[in-house]
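Please open the model in your viewer and keep the selection panel at hand. The tour goes from one ligand to the other and ends with the chain as a whole.

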Amino acid sequence: MGKLVVLNHPLIQHKLTMIRDYRTGTKVFRELVDEVATLMAFEITRDLSLEEVEVQTPVAKAKAYKIAGKKLGIVPILRAGLGMVNGVLQLIPAAKVGHVGLYRDPKTLKPVEYYVKLPPDISERDLIVVDPMLATGGSASAAITFLKRRGAINIKLMCLIGAPEGVKAVQKEHPDVDIYLAALDEKLNEHGYIIPGLGDAGDRLFGTK
Ligand code: PRP
Ligand code: URA
């Protein structure tokens with residue numbers, strides 16, 4: 001079974017509280033999501049493999065380290081996942097960005113795919129799938145399934161807030177995928193919204209409500 005890690009760094013928790021607050025408007029909401037994504041990415045990338053290299057400093061040769069292998073891939077689940085991309089890129093500017101377009105059918109709550117565009121050599125990259133909300137887990141599970149069908153092997157899932165139902169669903173369908181959250185909330189309501197959550201992440205990011 002994949003790990004579930006709740007990143008309880010004080011800065012992440014403080015900013016998440018502001019993100020949850022219904023009085024936080026679109027501009028600040030977007031900035032905070034960006035900042036939390038950067039902080040989460042810092043924690044999540046702790047275990048990236050390094051390779052030894054030699055570097056010439058102004059005074060001598062030094063044994064040093066670089067991240068090994070192909071550039072990491074960030075895969076936002078459209079649309080709300082887009083809000084977390086720049087924050088990760090702040091830290092890993094050379095990362096490649098793939099997109100998976102999914103929306104939840106409001107009646108069935110099932111994910112519907114409408115767009116997929118991924119970087120090449122996806123099987124050789126460490127991938128971080130990003131989406132602010134892990135509610136039923138349908139969208140994240142489907143996105144990960146699409147990535148695996150296209151050859152992805154090494155996948156992490158990074159969300160701001162998860163519901164126990166969503167965590168369970170992803171762990172069941174994708175036991176190889178570690179899940180990183182800023183908070184694990186209480187439950188889902190009858191419309192599939194996370195309680196207490198933050199409301200509709202896409203609408204709050206893009207001002208569509
Ligand atoms: C939201 C959210 C996730 C999904 C989570 O997207 O960003 O992708 O719901 O719910 P689930 O775990 O039950 O699948 P939404 O479908 O509202 O689309 P949007 O990003 O375009 O707003
Ligand atoms: N999608 C959201 O944007 N918010 C939720 O609480 C659940 C799914």
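A polar contact, as the term is used on this tour, is a pair of N or O atoms within 3.5 Å. With that in mind, and remembering that this is a predicted model, select ligand 1 together with Ser-139, where an N or O atom of the side chain lies 2.5 Å from an oxygen atom of the ligand.

Keep ligand 1 on screen and add Asp-131, which brings a polar side-chain atom to 2.4 Å from a ligand oxygen atom. Then add Ala-80, where the partner is a polar atom of the backbone, 2.9 Å from an oxygen atom of ligand 1. Taken on its own, ligand 1 has 500 Å² of accessible area, and the protein covers 90% of it.

Now widen the selection to the whole shell of ligand 1, which holds 14 residues, the nearest being Arg-104, Asp-131, Thr-136, Gly-137 and Ser-139. If you colour this shell by class, you should find 6 nonpolar, 5 polar and 3 charged residues. Show the surface next, and you will see that ligand 1 sits in the largest pocket. Switching to a cartoon view, look for strand S6 (99-104), strand S9 (133-134) and helix H4 (138-149), the elements that each give two or more residues to this shell.

Move on to ligand 2, and select the residues around it: Arg-104, Met-133, Ala-135, Gly-192, Tyr-193, Ile-194, Gly-199, Asp-200 and Ala-201. By class, this shell is made up of 5 nonpolar, 2 polar and 2 charged residues.

Which atoms of Ile-194, Gly-199 and Ala-201 should you pick out here? For Ile-194, show the backbone, of which an N or O atom lies 2.8 Å from an oxygen atom of ligand 2. For Gly-199, a backbone N or O atom is likewise 2.8 Å away, but the ligand atom is a nitrogen. Ala-201 has a polar backbone atom 2.8 Å from an oxygen atom of ligand 2. Of the 240 Å² that ligand 2 exposes when taken alone, the protein buries 88%. With the surface shown again, note that the space taken by ligand 2 is the largest pocket.

Finally, clear the selections and zoom out to the protein chain, in which the cartoon should show 6 helices and 13 strands. Along the principal axes, the C-alpha atoms fill a box of roughly 65 × 40 × 30 Å. The radius of gyration of the chain is 18 Å, which agrees with the value near 17 Å that a compact globule of 209 residues would have.

Notes. Residues numbered from 1 in each chain as written. Chains lettered and ligands numbered in written order. Predicted model: local features only at pLDDT ≥ 70, side-chain atom pairs only at ≥ 80, totals over all residues. Heavy atoms only, no water. Near = heavy atom within 4 Å. Polar contact = N/O pair within 3.5 Å; in protein donor to acceptor, adjacent residues only side chain to side chain. Areas by Shrake-Rupley, 256 points an atom, 1.4 Å probe, with all protein chains shown as cover. 1 Å grid on protein atoms, 1.4 Å probe; cavity = no way out; pocket = protein on both sides within 12 Å on 5 of 7 lines; lining within 4 Å. Sits in = over half its atoms within 2 Å of the grid points. Nonpolar A, V, L, I, M, F, W, Y, C, P; charged D, E, K, R; others polar. Helix = DSSP H or I, 4+ residues; strand = E, 2+ residues; numbered from the N terminus. Rg over C-alpha atoms; globule rule 2.2 N^0.38 Å.
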